[in-house]
Amino acid sequence: MLFWTQPSLVFELESGSGQSYPLITIAMATRHKILLLDDDPDLLDMYREILAQLPSRPEVFTASTGTRAMAMLESEPFRLLISDLKMPKMDGLQVLSIVRRKYPQLRTVVLTSVVDETFRSRVYALGVDLFWQKPTCEQEITMFLECLESLLGREAENGFRGVQSKSLVDIIQLECISQSSSALRITNGPLSGKIWILDGELIDAEAGELRGERAFHKILSWRAGNFETLPAEPSRPRTIFKSYNGLLLETAQALDEARSPELTGEPGAAPASPSPLAQLSQVEGVEFVLAMKPGDQEHHEARGLENPQRMAAWSKQTLDRFRSLGERLHAGPLDQIEALGPQRHVALCSRRPAGGGIAENGSGQGDTDFCVGWKNSMNLEQIRENMKKVLSLWAS
Amino acid sequence: MGLLTLFSKPAPTLLRLPSGSFTVDREGKVLIGTLPSSFPVGLVKDIAEQVLGCFREAEAAQLPLSLLTINYPTLKITAREMRGGAIVFLSSQAPYSPASQN
């Protein structure tokens, strides 16, 4: 049942199952565009009708081939792409790997009949927002529509994936107010941390080598990331004894104070900090650090290298080489390369600051490529472990 | 029924990332491998070419390498240099499976 009023559109939508969506108000300008990609024209028609039931009344476009979908994405901005996986010529994985690189802000959903954990993992590794098996009953359709509506409304700015438009402070408050017992695992790029809550009280936190309140403050300084709720660990030793409200207040004050000098620009307010590369080279086993801007052959910074030009050229070439290979294999974005040699070992990777987009070459805008040289006495495991420290230092 | 099958379109398939290994000589010729036959030969050659190219360029940059590990979220490639050629191991991985969470 649909009720329309003008000038803003207020309506109540009742689905076939008799379930009513809440009354909402939308403006014409905010109607999102959805692109549906499937090689089966019957399914396209069916899903177009189903998607028309969404409360936000999106405009639904369809494409029956990957090439057509790419052309449509090129011609106008879409909010959401819903793609099948198995398609002739250009399959869903191929389309998604290009789309994720070219349109990082575009929300992506895979709707497939492929029930395979490997492909589900690969799809999520490509950065797709949702993997959904094609619904077979009305209840599944309703759930699917709810997920889509939530995706359409989700802002691309700060916030933690898992609960839309909520800051980490909101999430912790929700857990504490509801007297929950849980463990929250929070990841922000290479950084990861954990907060333990027992019967609505914060009992412990861990971030890298930090524990307790310091770890809690550190985690809350991250502005975006992912979180997941894990089962409670009642046997976890307690290291935090302050109330959650007190701790959140302290964190907010500390963050405000940290931001104020750069906002006000007061002379002398911010103490001169040592070069970031100097700090990175202090990590155990590091021989040299090289930081480069992707796509910029000339601009790089190095510490501990006599001839950084040659190493920079090789590093860029190698990262580009394996980024391209990863795209051809649909294996997801290149994570890290480790190379062991008789003289020295090196590790290469690329890191993007939170909120950075992705450029044409597959690297992010504002990305930094790293080549870190390690003493040849170190083994692969040690290099991986210490590389995490280097990247955490850089991110912080 | 058989007639219908004859005229039906072949169902599209998705490329499955393999686990296995292969050896490649200094010219980039794949000598022997344990990769599934469903994995395209072109991609095997592509991997071999990139790995050998990387070893060569590292040598030219005065950074001789013996082992190379390339990590993607769903695939790990490990290549060991062997007198100009290489033995390459591919290992597909599921980053979001419960086992990989530990």
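A residue is taken as buried if 20 or more other C-beta atoms lie within 10 Å of its own. By this criterion, helix H2 of chain B buries Ile47(B), Ala48(B), Gln50(B), Val51(B), Leu52(B), Cys54(B), Phe55(B) and Ala58(B). The model is predicted. H2(B) has 20 residues. Its span from first to last C-alpha is 29 Å, close to the 28 Å expected at 1.5 Å a residue. Just after H2(B), Gln62(B) adopts a positive phi of about 60 degrees.

Chain B contains two helices and five strands. Along the sequence they follow the pattern α-β-β-α-β-β-β. Of the 102 residues in chain B, 29% are buried. Among contacts in chain B with a separation of 6 or more, 37% join residues 24 or more positions apart.

Strands of both chains enter an open sheet of ten strands. Its order is E15(A)-E14(A)-E18(A)-E17(A)-E16(A)-E3(B)-E4(B)-E5(B)-E1(B)-E2(B), and the pairing is antiparallel. Strand E15 (300-303) of chain A and strand E2 (30-33) of chain B form the edges, each pairing on one side only. On average, neighbouring strands are turned by 15 degrees against each other, direction ignored.

The chains meet within this sheet at E16(A) and E3(B). These two strands pair in the antiparallel sense over five bridges. Leu340(A) stands opposite Leu67(B) in E3(B). On the chain A side, E14 (residues 286-292) is joined to E18 (residues 368-375) by six bridges, again antiparallel. Val289(A) has Val372(A) as its bridge partner in E18(A). E14(A) is also joined to E15(A), through four antiparallel bridges. There, Val289(A) stands opposite Arg303(A). E15(A) has two faces: His300(A) and Ala302(A) are on the covered one, Glu301(A) and Arg303(A) on the uncovered one.

Helices from both chains pack on the sheet. Helix H10 (residues 308-329) of chain A lies across E14, E15, E16, E17 and E18 of chain A together with E3 and E4 of chain B. H10(A) runs at about 70 degrees to E14(A). Helix H2 (residues 41-60) of chain B touches E16 of chain A together with E1, E2, E3, E4 and E5 of chain B. The direction of H2(B) makes about 125 degrees with that of E5(B).

The contact between the chains takes 39 residues from chain A and 32 residues from chain B. On the chain B side, H2 and E3 each supply at least two residues. H2(B) gives the most, with eight residues. By type, the chain B side divides into 21 nonpolar, eight polar and three charged residues.

In soluble globular proteins, nonpolar side chains tend to be buried together. The largest nonpolar core here has 53 residues. Those with the most contacts inside this core are Leu290(A), Ala347(A), Val372(A), Val51(B) and Val88(B). Val51(B) is one of the buried residues of H2(B). Val372(A) is the bridge partner of Val289(A). Not counting residues up to four places away in sequence, Ala347(A) touches Gln336(A), Ile337(A), Glu338(A), Val372(A), Trp374(A), Ile383(A) and Met387(A). Another core, of 29 residues, lies apart from the largest one. Its members include Leu37(A), Phe119(A), Ala125(A) and Val128(A).

Conventions: Residues numbered from 1 in each chain as written. Chains lettered and ligands numbered in written order. Predicted model: local features only at pLDDT ≥ 70, side-chain atom pairs only at ≥ 80, totals over all residues. Pairing = 2+ DSSP bridges. Axes fitted to C-alpha atoms, helices over the stretch in contact; angles between N-to-C directions. Contact = placed C-beta atoms within 7 Å. Nonpolar A, V, L, I, M, F, W, Y, C, P; charged D, E, K, R; others polar. Core = buried A, V, L, I, M, F, W, Y, C linked by C-beta atoms within 7 Å. Buried ≥ 20, exposed ≤ 12 C-beta atoms within 10 Å, placed from the backbone. Expected span 1.5 Å × (residues − 1).
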